[in-house]
Amino acid sequence: MKIEGRSSAGADVYGVDLRTIDEGGLASLKAAFADYGLLIFHEQALTPEDHIALAGRFGEININRFFEAHPAHPEIAMVRKERDQLQNIGGGWHTDHSYDVDPALGSILVARELPPQGGDTLFLNTSDAFDRLSPGFQTMLRGLRAVHSAKHIFGVQAATAAEVDGDRLGNAAAAEGLADVVHPVVVRHPLSGRPTLYVNPAFTLHFEGWTAQESEPLLRQLYAHMAAAPGVCRVRWAPGMVAFWDNRSTWHYAVNDYHGERREMHRITLEGCALEAA
């Protein structure tokens with residue numbers, strides 16, 4: 001097995017068959033996952049059953065509440081865009097499941113059907129984003145907590161749900177039943193121990209004790225700083241490729257540049273843990 005870092009936001013893994021990897025190889029992958037936050041596997045041939053079995057070796061599987069499920073495997077969420085659909089899923093910088101009390105550890109995404117070109121996914125490292133801030137700014141942010149919610153994305157009044165045409169997203173009742181949660185703005189990563197920024201444009205509403213209007217300028221500043229990362233990793237998908245990313249230390253962005261073509265990915269998300277302030 002060979003692991004080659006692209007940047008701090010990702011590494012390519014070669015010479016491994018994820019269907020048959022032994023415990024020693026699995027330990028090496030877990031260590032690399034903690035270091036990079038994103039592992040990209042090439043030339044894999046995972047069936048849906050293999051996908052589920054692999055995910056179970058890394059953690060407990062989260063059954064997604066809002067995405068269309070695979071017809072035979074509820075553990076697998078369908079991330080797809082049909083030829084006649086204009087909006088994709090995940091077409092902006094975000095991290096998944098920050099609206100949960102115990103945010104997801106990460107996700108394992110398998111490429112199933114790809115457009116002839118386009119459909120890349122971008123990743124950046126949010127621990128690096130914290131390191132690039134001045135010491136004074138870091139100290140200020142360590143004293144803040146932020147409110148996260150699923151309602152404005154998946155709920156009854158969701159602005160984005162109407163834009164993602166078709167039946168790919170749903171279950172407004174589940175979103176409305178979720179209480180908003182609060183996480184530290186700077187968390188200590190559960191695996192690496194590094195301080196990492198934990199806010200994102202999709203699910204962060206405002207700082208705890210601040211109004212949305214008061215929070216907006218600082219959040220916009222943070223988002224602009226994070227999105228300007230010098231080490232963005234661009235994943236150009238090929239059939240069978242697999243990406244495993246950490247939702248606590250990365251943002252990702254699915255590029256919507258393949259109108260008129262179909263793209264289907266299978267995603268399994270892993271349960272995480274409560275996040276502690278750094």
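User: In what order do the three strands of the open sheet stand?

Analyst: This is a predicted model, where local features need pLDDT of at least 70 and side-chain atom pairs count only at pLDDT 80 or more, while totals for chains, interfaces and linings use all residues. Residues are numbered from 1 along each chain as its sequence is written, and side-chain values use heavy atoms, with hydrogens and water left out. Strands (E, at least two residues) and helices (H or I, at least four) are DSSP runs, numbered from the N terminus. The pairing in the open sheet is antiparallel, and the order is β13-β7-β15.

User: Which strands stand at the edges of this sheet?

Analyst: Strands pair if DSSP finds at least two bridges between them. An edge strand here has a single partner, so one side of it is left without a neighbour in the sheet. That applies to β13 (233-235) and β15 (250-254).

User: By what angle are neighbouring strands of this sheet turned against each other on average?

Analyst: Axes are lines fitted to C-alpha atoms, for helices over the stretch in contact, and angles run from 0 to 180 degrees between N-to-C directions. With direction ignored, the average for neighbouring strands of this sheet is 20°.

User: Which residue of β15 stands opposite F123?

Analyst: Strand β7 (residues 121-125) and β15 run antiparallel and are joined by five bridges. Opposite F123 in β15 stands H252.

User: Within what arc do the buried residues of helix α4 fall?

Analyst: Buried means under 20% relative accessible area, exposed over 50% and partly exposed in between (1.4 Å probe, protein chains only). In α4 (residues 135-142), the buried residues are F137, Q138 and L141. They line one face of the helix, because the directions from the helix axis to their C-beta atoms fall within an arc of 100°.

User: Which residues are exposed on the other side of α4, and which elements help to cover its buried ones?

Analyst: The exposed residues on the other side are P135, G136 and T139. Contact means heavy atoms within 4.5 Å. The cover over the buried residues includes α3 (126-131), β10 (186-188), β11 (195-197) and α7.

User: Is L144 buried or exposed?

Analyst: L144 is in the loop between α4 and β8 (145-148). Leaving out residues up to four places away in sequence, L144 touches P184, V185, F207, W210 and L218. Its relative accessibility is 12%, so L144 counts as buried.

User: With which side chains does the side chain of E264 make polar contacts?

Analyst: E264 is in strand β16 (residues 263-270) and is buried, with a relative accessible area of 13%. A polar contact is a pair of N or O atoms within 3.5 Å; within protein, one must be able to donate a hydrogen and the other to accept it, and residues adjacent in sequence count only if both atoms are side-chain atoms. One contact of E264, at 2.9 Å, is with R262. Another, also at 2.9 Å, is with H266.

User: Which residues have the most contacts inside the largest nonpolar core?

Analyst: A nonpolar core is a set of buried Ala, Val, Leu, Ile, Met, Phe, Trp, Tyr and Cys residues joined through side-chain atoms within 4.5 Å. The largest one has 25 residues, and those with the most contacts inside it are L29, L39, F41, F58 and F244.
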